[in-house]
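Trainee: Could you walk me through how to read some features of a model like the one below?
Mentor: Happy to, let us take them one by one.

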Amino acid sequence: MSRLLVLALALGGAAAFAPAAAPRAAATLAATTKDSLSTKYDPTAGANAAVAANNKGDAWIPQMQRPRRNRKSAGVRAMVRENFLTPANLMQPIFIHEDSDEVVPIASMPGQSRHTLDSMVKEVEAGMALGVKSFILFPKVPDDLKTNFADACYDPEGIVPRALRLIKSKCPDAMVCTDIALDPYSDQGHDGIVLDGKIVNDMTIEQLCKQAVCHAEAGADFVGPSDMMDGRVGAIRMALDAEGHTDVGIISYSAKYASAFYGPFRDALDSHPGFGDKKTYQQDPANGREALIEASLDAAEGADMLMVKPGVPYLDVLYRIRETVDLPLAAYHVSGEYAMIKAAAEKGWVDERAIVLETLMCFRRAGADVILTYYAKDAATWMNDEGNVCL
Ligand code: PBG
């Protein structure tokens, strides 16, 4: 229906409710405003007056449906609120490293650091105390451990398995997820093995299966394949099951786009692609339907949750997947999105607290059950201040 037609119908409908000859009392507004603001046009005059008058002579628009009634007070708004955000919906990413005993701030992500294993445990404890119950680990791996085949990714004594065992021993109730992809361990800076300048799919999956089983053995609750190889969810499910890890879940990065919003994350892990870009495996930002193909494949292959990434620019993708898949969905509010809010907030251009809580709520409205965000701890603190009622 054209916009004009809709407008015509709306006006026609309104006219039907309008009293035939509304008493044209002196317009309330005119009576209460300064006469100096005179204009030739009077909205209350004429056969098609825009503003009618009620029995009391006050300005009245013949409008029966008034959505503002359900917004008139904090009490009403709280009663009819459609979505809720709690700290338990948030998953906190934690960067870990062993280059030194220092907690190293990440320049392009103010407030975020590469943690030592000790400070990682403190992060988990702090998150848990605020009601954030889930965490995802991202390791920075020293260059001398990186190879094309990324074999360090399944070393049971590698940083991630040791971190998992430590968290599980200190905070057994924390829900811990790991990233499954080769890039932190790849001397090519790619998520898969590179042969003849190409990222090879099925050989990479062999490594991903070893990595997933290694993490499961060290105590991961969920593994999160972020590599975008075809068929990896099914293969990882088979690998986990074959090794007796039927209770370890898969949060699949189903719709992961080749995005410039990952820049600060790659600074954090020193994992920028060594050559080219990631466009032969991560999705084209121009495509929406393609995400539905990825999502239905991952669901059919046995994923327990699906993820969309990045976040805000891809809320339409999240919503489309929500409409077609009934699995829980996660959205990743990625490093570039975090950095942008931080930068504007540092300049005093936006209200950081308000903008973050609004952003996270918008993820929920679009269909996310879980939100991965570097703001997890801050947002949980703010939500707790407000009695967990946001906005
Ligand atoms: C690695 C991975 C990336 C992110 C999560 N896992 C980077 C990439 O694909 O290059 C990005 C997260 C963020 O930007 O916050 N496979």
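Trainee: What do the side chains of Asp-183 and Lys-278 form where they meet?
Mentor: A salt bridge is a side-chain nitrogen of Lys or Arg within 4 Å of a carboxyl oxygen of Asp or Glu. Here Asp-183 and Lys-278 make one, with 3.4 Å from N to O. Asp-183 sits in the loop between strand S7 (175-180) and strand S8 (193-195), and Lys-278 in the loop between helix H8 (263-269) and helix H9 (289-300), so the pair ties together parts 95 residues apart in sequence. Helices (H or I, at least four residues) and strands (E, at least two) are DSSP runs, numbered from the N terminus. The structure holds 15 salt bridges.

Trainee: Before we go on, where do these values come from?
Mentor: This is a predicted model, where local features need pLDDT of at least 70, side-chain atom pairs count only at pLDDT 80 or more, and totals for chains, interfaces and linings use all residues. Residues are numbered from 1 along each chain as its sequence is written, and side-chain values use heavy atoms, leaving out hydrogens and water.

Trainee: Which side chains have polar atoms close to the ligand's oxygen atoms?
Mentor: A polar contact is a pair of N or O atoms within 3.5 Å; within protein, one must be able to donate a hydrogen and the other to accept it, and residues adjacent in sequence count only if both atoms are side-chain atoms. For Arg-266, a polar side-chain atom is 2.6 Å from a ligand oxygen, and for Ser-335 the distance is 2.7 Å. Ser-226 has a side-chain N or O atom 2.8 Å from a ligand nitrogen.

Trainee: How much of the ligand's accessible area does the protein cover?
Mentor: Accessible areas come from the Shrake-Rupley method with a 1.4 Å probe; for residues, only the protein chains shown count as cover. The protein covers 100% of the 410 Å² that the ligand has on its own.

Trainee: Which peptide bond is cis?
Mentor: Look at omega: the bond from Lys-309 to Pro-310 is cis, with omega near -5 degrees. Pro-310 belongs to the loop between strand S12 (305-309) and helix H10 (315-324).
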